[in-house]
Amino acid sequence: MADKKVIAVLGSTGSQGGGLVRAILADPAGGFAARAVTRDVSKDKATALKSAGAEVVKADLDDVESLKKAFAGAHGVYAVTNFWEHFSGDKEKVQAKNIADAAKAAGVKHIVWSTLEDIRKFMKADDKRMPMLQTKYRVPHFDAKAEANASFGGLPTTFLVTSFYWDNLYMFGMAPKKGDDGKLAWTFPMGTAKMAGIAAEDIGKVAYGIFKAGNQYVGKTVGVMGEALTIEQMGQTISKVLGVGPVKYNAVEADAYRSFGFPGADELGNMFQAYRDFDKEMLANRSVDTARKLNPALQSFEQFVTKQKAAIKTAMGV
Ligand SMILES: NC(=O)c1ccc[n+]([C@@H]2O[C@H](COP(=O)([O-])OP(=O)(O)OC[C@H]3O[C@@H](n4cnc5c(N)ncnc54)[C@H](OP(=O)(O)O)[C@@H]3O)[C@@H](O)[C@H]2O)c1
């Protein structure tokens, strides 16, 4: 243990960080040890990580001193912020700066920062296709992460550009559901564009591959996806793997999606519109081959649906 390189993992009780902790623990001969960071060391997900062999420590992204302590002696830091806890792009930027400041103070040798692209760069400031949100962002959880890249400037950082989690099907209420006619349907403003998606667990495995590669990816941007698919294609796979009837795709306009009124509808409307209107750029920023090189167990959408069959069926009510 003492001679292992410690990776302090933020978001360890969540999807991305959890995947990384599990990847480190699954490779005891890999030369790395997992230090899982959480605000609540007594919660079930934290004690499960401890039982599985991780060191578990307490820190808060809003408290830079707690992060410095959590990073002390660590070789690496996996840095991820959680927009969906507070829905504020500005807060994400402050939390990312706290991480960078603490990693610098602790002398960390490698940071993997989970980021996304700045959607504002794809269109002019006066473009009316998509509303500005929080006064200055097109897609706050993308744009703010991209702006936060600057906080890691000068530090040994890999900028990991992630993709839409397919797990949103069962974790975020995005699975197809039965309508009044008893037929399965789902609604997105994606037209016929392909969206870059990935199994959330694979992001952590990719991050582990980046740490294992040593200096190779320091200072680099690495964009990853499991597969790029249209909504129609995803519906066909769900229907095939689950053995359920066809999934009807209601392709709506982004304005309609934004007006649905659930928390984050405007944010997600803008995000899907970005994946649709700037599909070439978004797909060019992500690579299946790179993801597979870093994580040979990378799942396709069909493999993902097969693995998560029970959870997806429950979410679909079938
Ligand atoms: N959903 C998607 O399709 C998707 C795709 C790409 C990127 N993302 C990005 O992924 C990020 C979220 O990552 P995730 O999905 O892995 O998270 P998650 O599963 O929702 O879990 C959130 C994690 O963040 C930690 N956390 C939140 N606030 C914290 C704070 N103040 N101090 C310390 N830890 C804190 C939580 O730890 P404790 O509660 O244990 O303290 C928990 O481990 C978001 O910013 C989102 O934009 C999402």
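The following dialogue explains how to read several features of a predicted model.

User: What should be known about the model and its numbering before reading it?

Analyst: Residues are numbered from 1 along each chain as its sequence is written, and side-chain values use heavy atoms, with hydrogens and water left out. The model is predicted, so local features need pLDDT of at least 70 and side-chain atom pairs count only at pLDDT 80 or more, while totals for chains, interfaces and linings use all residues.

User: How many residues surround the ligand, and which are the closest?

Analyst: A residue is near a molecule if one of its heavy atoms lies within 4 Å of it. Here 28 residues surround the ligand, and the closest are Thr13, Thr38, Thr81, Lys145 and Tyr165.

User: Which classes of residue make up the shell around the ligand?

Analyst: Ala, Val, Leu, Ile, Met, Phe, Trp, Tyr, Cys and Pro count as nonpolar, Asp, Glu, Lys and Arg as charged, and the others, Gly among them, as polar. In this shell, 14 residues are polar, seven are nonpolar and seven are charged.

User: Which helices and strands each supply at least two residues of the shell?

Analyst: Helices (H or I, at least four residues) and strands (E, at least two) are DSSP runs, numbered from the N terminus. Helices H1 (15–25), H4 (83–86), H5 (89–106) and H6 (140–148) and strand S7 (164–165) each supply at least two residues of the shell. The largest share, three residues, comes from H4.

User: Which polar atoms of Thr13, Asn168 and Phe83 lie by an oxygen atom of the ligand?

Analyst: A polar contact is a pair of N or O atoms within 3.5 Å; within protein, one must be able to donate a hydrogen and the other to accept it, and residues adjacent in sequence count only if both atoms are side-chain atoms. A polar side-chain atom of Thr13 lies 2.6 Å from an oxygen atom of the ligand, and one of Asn168 lies 2.8 Å from a ligand oxygen atom. For Phe83, a backbone N or O atom lies 3.0 Å from an oxygen atom of the ligand. Taken alone, the ligand exposes 920 Å², of which the protein buries 87%; accessible areas come from the Shrake-Rupley method with a 1.4 Å probe, and for residues only the protein chains shown count as cover.

User: Is Asp118 buried or exposed, and which side chain does it contact?

Analyst: Buried means under 20% relative accessible area, exposed over 50%, and partly exposed in between (1.4 Å probe, protein chains only). Asp118 lies in the loop between strand S5 (110–115) and H6. Asp118 is buried, because its relative accessible area is 12%. A polar contact of 2.9 Å joins the side chains of Asp118 and Arg120.

User: Where does Ile231 lie, and is it buried or exposed?

Analyst: Ile231 lies in helix H9 (residues 231–242) and is buried, with a relative accessible area of 2%. Ile231 and Gly191 are 40 residues apart along the chain, and their C-alpha atoms are separated by 8.2 Å.

User: What is the sign of phi in Phe87 and Gln134?

Analyst: Most residues other than glycine have a negative phi. Phe87, although not a glycine, has a positive phi of about 60°; Phe87 is in the loop between H4 and H5. The phi of Gln134 is also positive, near 50°, and Gln134 lies in the loop between S5 and H6. Phe87 counts as partly exposed at 34% relative accessibility, and Gln134 is partly exposed with a relative accessible area of 34%.
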